[in-house]
Amino acid sequence: MPTILGQNQYGKAENRVVRITRDGDTHHIKDLNVSVALSGDLEEVHLSGSNAHCLPTDTTKNTVYAFAKEYGIESAEQFGIHLARHFVTSQEPIKRARIRIEEYAWERIETSDANSRFIGSDDVKHSFVRKGQETRLTEITYDGEAWQVISGLKDLVVMNSTNSEFWGYIKDKYTTLKEAYDRILATEVSGRWRFNWTDDEQRMPNWERSYEQVKKHMLHAFAETYSLSLQQTLYQMGSRIINNRSEIDEVRFSLPNKHHFLVDLEPFGLKNDNEVYYAADRPYGLIEATVLRDGVEALIPVDLSNL
């Protein structure tokens, strides 16, 4: 039977670019991992091997580094927007560009007076340590007319040591889990949120402030929700973001339940009064859901995959 070519794209993945901005003796770092995917009038490169419409992936890599110099990196979102616009508007065969970026945060190392005999603690403004909380994410898609910006984070590990319960669930002959009225609730947050900025006529969000505020509201909701399930906490986290950030219409979370089980200390003649736990890394419950502004269509991919 004959075959046809389906969806296709190409580009250069995981271009690591570190941009140093020197403000006198004070330096600032942006550390990104940028992946470019281009699609459009590319049938012949697959069907006949003609490269006439193919911009080399090496060129897309070079563009990332050149743009880091030419435009700087104000934010991951802004950098991705520059790149997406360039690829779609400068290459006629390219009809759609998707830019995915991971950002690795750094914070300045605070120095002590003891260092002054070497450099001078007041002069050390160029030393950094990698922040370990989370990796910031963004995905920018542009088709020459409309923008879609989905940002987020992953690897943000959070825990409540109390104010969490889990009981009243279905029980059958395979159920062994005991009901819990005071438990540890911990998860590793993977979240995405979609902006309602879609065209150049709209006012562009302040990407840096938006990220900071979204993370703040997310963490506040996690900490302040008396949780009867991780599902309930997830919904409160998403709702807090939607209700406080007008630039965001959709939030999706994938939350693995990082189980902590009480250790049985009775064989040692000890009572474990919610003090000693075994942290299990697998298997784990996986809670996923989307929270939407009323009347808005869900557009964030359900599986958050690379498709």
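A polar contact is a pair of N or O atoms within 3.5 Å; within protein, one must be able to donate a hydrogen and the other to accept it. In this predicted model, one such contact, of 2.5 Å, joins the side chains of Asp-31 and Arg-16. The points below cover the surroundings of Asp-31, the residues that UniProt lists under "active site", and the nonpolar core.

**Asp-31**

- Asp-31 is part of strand S2, which covers residues 26-40.
- Its relative accessibility is 3%, so Asp-31 counts as buried, the cut-off for buried being under 20%.
- Besides the contact with Arg-16, a polar contact of 3.1 Å links the side chain of Asp-31 to that of Trp-106.
- Apart from neighbours within four places in sequence, Asp-31 is in contact with Arg-16, Val-17, Val-18, Glu-102, Glu-103, Tyr-104 and Trp-106.

**Residues listed as "active site"**

- An unreviewed UniProt entry lists Lys-12, Thr-57 and His-259 for "active site".
- These residues do not all gather at one spot, because they span 248 residues in sequence and the farthest two C-alpha atoms are 43.0 Å apart.
- From this set, His-259 belongs to the lining of the largest pocket.
- Lys-12 sits in the segment before strand S1 (15-23), while Thr-57 is in helix H2, residues 57-70.
- Lys-12 has a relative accessibility of 25% and therefore counts as partly exposed.
- Thr-57, at 25% relative accessibility, also counts as partly exposed.
- The side chains of Thr-57 and Lys-12 make a polar contact of 3.3 Å.
- Leaving out neighbours within four places in sequence, Thr-57 is in contact with Tyr-10, Gly-11 and Lys-12.
- With the same neighbours left out, the contacts of Lys-12 include Val-34, Ser-35, Val-36 and Asp-58 as well as Thr-57.

**The largest nonpolar core**

- The largest nonpolar core has 52 residues, and those touching the most other members are Val-34, Phe-79, Ile-99, Val-189, Trp-193, Met-218 and Phe-253.
- Helix H3, residues 76-90, gives the most to this core, with seven residues.
- Both domain 1 (9-145) and domain 2 (149-302) give residues to the core, so the core lies between them.
- Val-34, one of the core residues named above, is also among the contacts of Lys-12.
- Not counting residues up to four places away in sequence, Trp-193 touches Met-218, which is likewise one of the core residues named above.
- Other residues touched by Trp-193 include Val-149, Ile-150, Leu-153, Tyr-211, Val-214, Ile-248, Val-251 and Ile-300.
- Ser-151, Gly-152 and Glu-250 are also among the residues that Trp-193 touches.

How values were computed
Residues are numbered from 1 along each chain as its sequence is written. This is a predicted model: local features need pLDDT of at least 70, side-chain atom pairs count only at pLDDT 80 or more; totals for chains, interfaces and linings use all residues. Side-chain values use heavy atoms; hydrogens and water are left out. UniProt positions are given in the numbering used here, feature names are shortened, and annotations may be inferred rather than shown by experiment. On a 1 Å grid over the protein atoms alone, a cavity is a set of points where a 1.4 Å probe fits but cannot get out, and a pocket is an open set with protein on both sides within 12 Å along at least five of seven lines; lining residues have an atom within 4 Å of a point. Helices (H or I, at least four residues) and strands (E, at least two) are DSSP runs, numbered from the N terminus. Buried means under 20% relative accessible area, exposed over 50%, partly exposed in between (1.4 Å probe, protein chains only). Contact means heavy atoms within 4.5 Å. A nonpolar core is a set of buried Ala, Val, Leu, Ile, Met, Phe, Trp, Tyr and Cys residues joined through side-chain atoms within 4.5 Å. Domain bounds come from an automatic or database domain assignment.
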